[in-house]
Amino acid sequence: MSTMRAITQAAFGGAEVLEVVRVPRPEPLPTEVLVRVHAAGVNPVDWKTRAGGGMAGVLGEPPFVLGWDVSGVVEQVGFGVTTLQAGDPVYGMPWFPRPAGAYADYVT
């Protein structure tokens, strides 16, 4: 299995709880695409969740990878995807309010 870099946190707190680690690269499920992340947004929901507020009630206890706003390029398409292909530039807010993990090299 391929790995990627991701910014995770093992506890709630300030920016000091963020750590770069290697995690498994996600695989797109049917109707999903794998996006190579070029940029991820840092919004109030991100820092509030990092500190234990925001969407922490939905995500549960750390460890987790934050980030919902993302832009990048489609790397791979899952079965059933007909509107996008590898190489297409994309941006969006995947999965909100569920975990999306945009603070990483790749996101589905």
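Visitor: Which residue offers the backbone oxygen that the side chain of Gln-9 reaches at 3.1 Å?

Guide: This is a predicted model, where local features need pLDDT of at least 70, side-chain atom pairs count only at pLDDT 80 or more, and totals for chains, interfaces and linings use all residues. Residues are numbered from 1 along each chain as its sequence is written, and side-chain values use heavy atoms, leaving out hydrogens and water. A polar contact is a pair of N or O atoms within 3.5 Å; within protein, one must be able to donate a hydrogen and the other to accept it, and residues adjacent in sequence count only if both atoms are side-chain atoms. The Gln-9 side chain reaches the backbone oxygen of Ala-11 at 3.0 Å, and at 3.1 Å it reaches that of Arg-50.

Visitor: Is Gln-9 buried or exposed?

Guide: Gln-9 lies in strand β1; strands (E, at least two residues) and helices (H or I, at least four) are DSSP runs numbered from the N terminus. Buried means under 20% relative accessible area, exposed over 50%, and partly exposed in between, with a 1.4 Å probe and protein chains only. Gln-9 has a relative accessible area of 1%, so it counts as buried.

Visitor: What is the omega of the peptide bond from Pro-62 to Pro-63?

Guide: Both prolines touch Gln-9 (contact means heavy atoms within 4.5 Å), as do Val-17, Leu-18, Arg-50, Phe-64 and Leu-66, not counting residues up to four places away in sequence. Pro-63 sits in the loop between α2 (56-59) and β4 (64-65). The bond from Pro-62 to Pro-63 is cis, with omega near 15°.

Visitor: How many salt bridges does the structure hold?

Guide: A salt bridge is a side-chain nitrogen of Lys or Arg within 4 Å of a carboxyl oxygen of Asp or Glu. Asp-105 and Arg-5 form one of them, at 3.0 Å from N to O. Arg-36 and Glu-75 also pair up, at 2.9 Å. For the whole structure, the number of salt bridges is 2.

Visitor: How many residues apart in sequence are the parts that Asp-105 and Arg-5 tie together?

Guide: Asp-105 is partly exposed at 21%, and Arg-5 is partly exposed at 47%. Asp-105 belongs to the loop between β6 (89-92) and β7 (106-107) while Arg-5 is in strand β1, so the salt bridge ties together parts whose separation in sequence, counted in residues, is 100.

Visitor: And which strands hold Arg-36 and Glu-75?

Guide: Arg-36 is partly exposed at 33%, and Glu-75 is partly exposed at 33%. Their salt bridge ties together parts 39 residues apart in sequence, because Arg-36 and Glu-75 lie in strands β3 and β5.

Visitor: Which side chain of opposite charge is nearest to Glu-32?

Guide: Glu-32 lies in the loop between β2 (18-24) and β3 (33-40), and a polar atom of its side chain is 2.9 Å from the backbone nitrogen of Leu-29. Beyond neighbours within four places in sequence, its contacts include Val-77, Trp-95 and Thr-108. Lys and Arg count as positive and Asp and Glu as negative, while His and the chain ends are not counted. Glu-32 is buried yet has no salt bridge, and at 7.3 Å the nearest side chain of opposite charge is Arg-98.

Visitor: Which strand gives the most to the largest nonpolar core?

Guide: A nonpolar core is a set of buried Ala, Val, Leu, Ile, Met, Phe, Trp, Tyr and Cys residues joined through side-chain atoms within 4.5 Å. The largest one has 9 residues, including Val-33, Val-35, Val-81 and Ala-102. At least two residues come from each of β3 and β5 (70-77). With 3 residues, the strand that gives the most is β3.

Visitor: What is the phi of Thr-31?

Guide: Thr-31 lies in the loop between β2 and β3 and is exposed, with a relative accessible area of 64%. Val-81 touches Thr-31, along with Glu-32 and Val-33. Although Thr-31 is not a glycine, its phi is positive, at about 75°.

Visitor: How far apart in space are Gly-14 and Trp-47, C-alpha to C-alpha?

Guide: Gly-14 has its place in the loop between β1 (3-9) and β2, and it is partly exposed at 22%. Gly-14 and Trp-47 are 33 residues apart in sequence, and their C-alpha distance is 7.8 Å.
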